[in-house]
Amino acid sequence: QVQLVESGGGLVQAGGSLRLSCVASGSILRINDMGWYRQAPGKQRELVAAITRDGRTNYADSVKDRCIISSDNAKNAVYLQMDSLNLEDTAVYYCKLGIILGFITTRDYWGQGTQVTVSP
């Protein structure tokens with residue numbers, strides 16, 4: 001029973017910054033990757049940023065150079081620092097945790113989502 005608790009979402013003016021946090025708890029043996037995804041109304045859920053257990057990162061082109069993802073595997077936590085926010089960043093942001101179950105088998109867990117709203 002893995003649970004992800006997200007925090008840091010809210011309302012921010014365009015050009016401002018926000019830091020999202022996600023802490024996982026439960027039966028976690030080994031983390032494969034952690035990341036942040038977002039979904040706006042009428043749109044598909046999309047990757048914002050992800051980080052693997054060895055520290056490799058991947059960013060969506062839309063947030064590249066504006067966001068930094070970091071993690072603390074010992075705490076089962078992942079963070080997303082978002083700067084220079086604009087209106088198109090408005091969405092529900094979801095934390096994702098990928099756990100290694102076997103040699104090549106993983107299982108993904110998702111947070112409940114936290115709303116990020118960017119105002120003019």
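## Arginine 66 and its surroundings

Arginine 66 sits in the loop that connects strand E6 (57–59) to E7, and in this predicted model its relative accessible area is 14%, which places arginine 66 among the buried residues. A polar atom of the arginine 66 side chain lies 2.8 Å from the backbone oxygen of serine 62. When residues up to four places away in sequence are left out of the count, arginine 66 touches Gln81, Met82, Asp83, Ser84, Leu85, Asn86 and Asp89.

Aspartate 65 lies in the loop between E6 and E7. Is aspartate 65 buried or exposed? With a relative accessible area of 76%, aspartate 65 is exposed, whereas arginine 66 is buried. The backbone of aspartate 65 also deserves a look, since its phi is positive, at about 75°, although the residue is not a glycine.

## A second positive phi

Asparagine 76, found in the loop between E7 and E8, is a residue other than glycine with a positive phi, here near 55°. Asparagine 76 has a relative accessible area of 19% and is buried; the cut-off for that label is under 20%.

## The open sheet

Four strands form an open sheet in the order E1-E3-E8-E7, and their pairing is antiparallel. Strand E1 (3–7) and E7 occupy the edges, where each has a single partner strand, so one side of each is left without a neighbour in the sheet. From one strand to the next, the twist averages 15°.

At the E1 edge, E1 and E3 are joined in the antiparallel sense over five bridges, and serine 7 has serine 21 in E3 as its bridge partner.

## Strand E9 and its partners

Which strands pair with E9? E4 pairs with E9 in the antiparallel sense over eight bridges, and within this pairing lysine 96 of E9 is the bridge partner of glycine 35. E11 also runs antiparallel to E9 and is joined to it by three bridges, with tyrosine 93 standing opposite threonine 114 in E11.

The pairing of E9 with strand E10 (residues 106–110) is likewise antiparallel and comprises five bridges; here leucine 97 has tyrosine 109 of E10 as its bridge partner. E9 and E10 together form a hairpin, with five residues between them. Nine of the 10 residues of E9 are buried, so this strand is largely enclosed by the rest of the structure.

## The largest nonpolar core

In soluble globular proteins, nonpolar side chains tend to be buried together. In this model the largest nonpolar core has 31 residues, and those that touch the most other members are Leu4, Leu20, Trp36, Val78, Leu80, Tyr93 and Leu97. The elements that each give two or more residues to this core are strand E3 (18–25), strand E4 (31–39), strand E5 (46–52), strand E7 (67–72), strand E8 (77–82), strand E9 (91–100) and strand E11 (114–119). Of these, E9 gives the most, with five residues.

Two of the residues that touch the most other core members, Tyr93 and Leu97, also appear in the bridges described above: tyrosine 93 faces threonine 114 in E11, while leucine 97 is paired with tyrosine 109 in E10.

Methods
Residues are numbered from 1 along each chain as its sequence is written. This is a predicted model: local features need pLDDT of at least 70, side-chain atom pairs count only at pLDDT 80 or more; totals for chains, interfaces and linings use all residues. Side-chain values use heavy atoms; hydrogens and water are left out. A nonpolar core is a set of buried Ala, Val, Leu, Ile, Met, Phe, Trp, Tyr and Cys residues joined through side-chain atoms within 4.5 Å. Buried means under 20% relative accessible area, exposed over 50%, partly exposed in between (1.4 Å probe, protein chains only). A polar contact is a pair of N or O atoms within 3.5 Å; within protein, one must be able to donate a hydrogen and the other to accept it, and residues adjacent in sequence count only if both atoms are side-chain atoms. Contact means heavy atoms within 4.5 Å. Two strands pair if DSSP finds at least two bridges between them. Axes are lines fitted to C-alpha atoms, for helices over the stretch in contact, and angles run from 0 to 180 degrees between N-to-C directions.
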